[in-house]
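Reader: I've got a model open and a handful of labels I'd like to pick apart. Can we go through them one by one?

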Amino acid sequence: MLSNAVEALYIFDQHNESILEHVYRSRPASARAILPLYLAHPTPRPSLIYLPNVNPPTVLFSVLHNNLLFLSPVSTETEPLFVLEFLHRVIDVLEEFIGDPLLATKIEGSYDVVAQLLSEMCDAGSVCNTEPNALRDDVDVSGFLGKLLGGVGLPGSSPALLPSGGLKQQLSLNPTSNGPAIPWRRANVRHTSNELYVDIVESLLVTLAPSGRPLAAFANGSIAFTSKISGVPDLLLTLSASGGKLGMEKAIELPVFHPCVRLARWKERPGELSFVPPDGRFMLAGYEVNLMPSNLDLKTWSNTNLQLPVSIEVSKSLGLTGADFEVRLILSSIFPGASTLAPASRPNLGTRGSGRSTPIFGSSASGPSLSDVVVTIPIPQAVRNITDLRASRGEAYFTPADNVVEWRVPTKDAASAGNATLRCTIVGPLTDDDDDRSDGFAFDVANGEYDDKEETYQSSALDAPKKSAANEQNQSRDQRKVQQNAPLMPSSASVSFNIKGWLASGIKVDGLVLDTRKSRGLGEGVKPYKGVKYLTVSRKGVETRC
């Protein structure tokens with residue numbers, strides 16, 4: 001039977017020095033005994049390692065974040081995802097309370113707050129409270145941070161920082177508990193400016209065959225929501241895709257939601273997210289979109305069907321000796337569906353109280369914008385150098401330490417559609433053929449002088465057979481060079497970029513509605529400002545094989 005219990009949490013810095021040890025239950029192996037066993041495992045180390053030599057036998061869960069190592073040993077049978085999710089929640093909560101990025105010095109300097117957080121999140125091994133909004137009611141953040149959180153309209157750090165009557169109001173909303181009625185939201189949230197923002201970010205993962213045909217194409221999306229509104233608002237976010245309801249069901253695969261989302265509403269009407277949001281910024285949902293159709297015809301499908309604004313092609317073994325390769329960057333000004341999407345800036349979605357009206361998007365003359373275009377070409381280890389880098393746009397350079405050619409195209413150059421090319425010449429390892437000079441002179445080792453192999457003015461017709469033999473020898477040498485340079489050619493190339501105001505999946509926000517009938521504590525005449533932003537990113541995500 002699964003116990004689903006957390007026994008201990010150990011945190012190590014970038015030098016593998018222990019900075020925190022927190023034991024919840026039983027007598028787990030110490031941090032000093034666990035760390036060498038973890039480091040003894042060859043890299044890359046998985047998130048779950050079985051240690052049979054520990055008494056009792058232990059399963060070690062690990063998460064690496066910002067050069068900090070989080071370890072949790074478990075000696076009983078436990079659901080693996082349960083412990084890993086707890087470690088990720090610990091990281092999120094620590095970043096929320098002591099600041100992002102999470103550093104060892106911050107943990108050591110705020111140990112009183114960290115100890116309170118770890119005790120509230122898990123009691124005797126049972127995970128009980130991992131929501132930052134609820135933890136602020138139970139954790140005392142003293143000093144300047146506590147005054148800041150309690151004085152600028154943000155949730156306070158403890159009941160002592162609540163406004164007059166705040167604690168009484170909180171208990172009245174949930175008389176059976178000292179916590180808030182909604183676990184992920186405080187009951188006394190107050191903001192001077194009411195704002196709601198939706199940020200949808202999609203990350204591309206596209207692999208193209210040498211012919212240009214896609215082998216796989218996915219977009220991993222995340223919907224980040226920022227709620228800065230007083231009281232307890234009830235919201236409805238409506239998403240849409242081409243094809244209506246059926247298209248929405250097919251577009252979003254493997255969705256994951258924040259606990260605040262009402263799943264029954266989503267199952268009944270795909271695309272509608274009904275929820276009471278936590279205060280501040282949080283991850284509302286995540287999803288995956290398969291950009292390739294299910295009834296794929298590989299003979300007729302090509303990279304043009306994907307309609308990506310950025311793609312690359314690689315030609316190799318060019319030149320007389322096959323020492324050149326060329327990368328072509330294809331930039332398009334066509335963004336499918338961009339005319340129906342909101343602009344890159346945050347437009348006002350309008351204010352609706354009934355929950356039945358369609359929001360109004362702000363108009364803008366600016367469309368989707370492409371930026372941060374970087375082409376990365378891995379180079380084989382045997383290549384000694386890359387010479388004569390010729391880029392029609394931007395700048396390219398070779399890094400011998402990483403064996404990578406990087407080609408950066410400035411935003412102003414990437415804004416104009418068309419093709420850009422980069423041509424490079426490789427220098428391979430030294431061979432016997434390198435002793436021969438390409439200018440017609442050869443070094444005579446016996447005489448210690450250069451011998452002119454080119455035709456002289458006094459040569460006669462009798463030398464024609466010799467010249468023919470020399471040409472054949474040169475052709476044979478060039479063919480041999482081409483064969484030698486073939487393994488030195490790059491086998492792939494990838495491109496990174498950002499596109500503001502456009503989503504590869506075609507998903508868009510149709511409405512964001514505040515239902516005043518279901519909401520509480522909003523105040524009279526509250527009309528929050530609403531905005532939406534779209535962003536598509538590729539971090540070496542569009543890759544072509546060659």
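Author: Sure, and keep in mind that this is a predicted model. Let's start with S4 and S5, which form a hairpin with 2 residues between them. Asn66, in the turn, has a positive phi of about 50°.

Reader: What makes S4 and S5 a pair of strands?

Author: The bar is at least two bridges found by DSSP. Strand S4 (residues 58-65) and S5 are joined by 7 bridges and run antiparallel, so they count as paired. In that pairing, Val63 stands opposite Phe70.

Reader: And how do you know that strand S1 pairs with S5?

Author: Same reasoning: strand S1 (residues 8-12) has 3 bridges to S5, again antiparallel, and at least two are needed. Here Ile11 is the residue opposite Phe70.

Reader: Why is S5 called largely enclosed?

Author: Because 7 of the 7 residues of strand S5 (residues 68-74) are buried. Both faces are covered, with Leu68, Phe70, Ser72 and Val74 on one side and Leu69, Leu71 and Pro73 on the other.

Reader: Over to Thr130. Why is it called buried?

Author: Its relative accessible area is 15%, and buried means under 20%, so Thr130 qualifies. Thr130 sits in the loop between strand S7 (126-127) and helix H5 (132-138), where it touches Arg89, Val93, Met121 and Leu135, leaving aside residues up to four places away in sequence.

Reader: What makes the link between the side chains of Thr130 and Arg89 a polar contact?

Author: The distance is 2.5 Å, and the N or O atoms have to be within 3.5 Å. That pair passes, with one atom able to donate a hydrogen and the other to accept it.

Reader: How do you know that the largest nonpolar core lies between two domains?

Author: Domain 2 (195-304 + 499-545) and domain 3 (310-334 + 368-464 + 473-495) both give residues to it, so it lies between them. The core has 78 residues, and Ile223, Leu237, Phe275, Leu284 and Leu329 touch the most other members. Strand S8 (residues 195-208) gives the most to this core, with 6 residues.

Reader: What makes S11 and S18 edge strands?

Author: Their sheet is open and has 9 strands in the order S11-S13-S9-S8-S25-S23-S16-S19-S18, with mixed pairing. Strand S11 (253-257) and strand S18 (395-399) each have a single partner strand, so one side of each is left without a neighbour in the sheet.

Conventions. Residues numbered from 1 in each chain as written. Predicted model: local features only at pLDDT ≥ 70, side-chain atom pairs only at ≥ 80, totals over all residues. Heavy atoms only, no water. Helix = DSSP H or I, 4+ residues; strand = E, 2+ residues; numbered from the N terminus. Buried < 20%, exposed > 50% of the residue type's maximum accessible area, 1.4 Å probe, protein only. Contact = heavy atoms within 4.5 Å. Core = buried A, V, L, I, M, F, W, Y, C linked by side-chain atoms within 4.5 Å. Domains from an automatic or database assignment.
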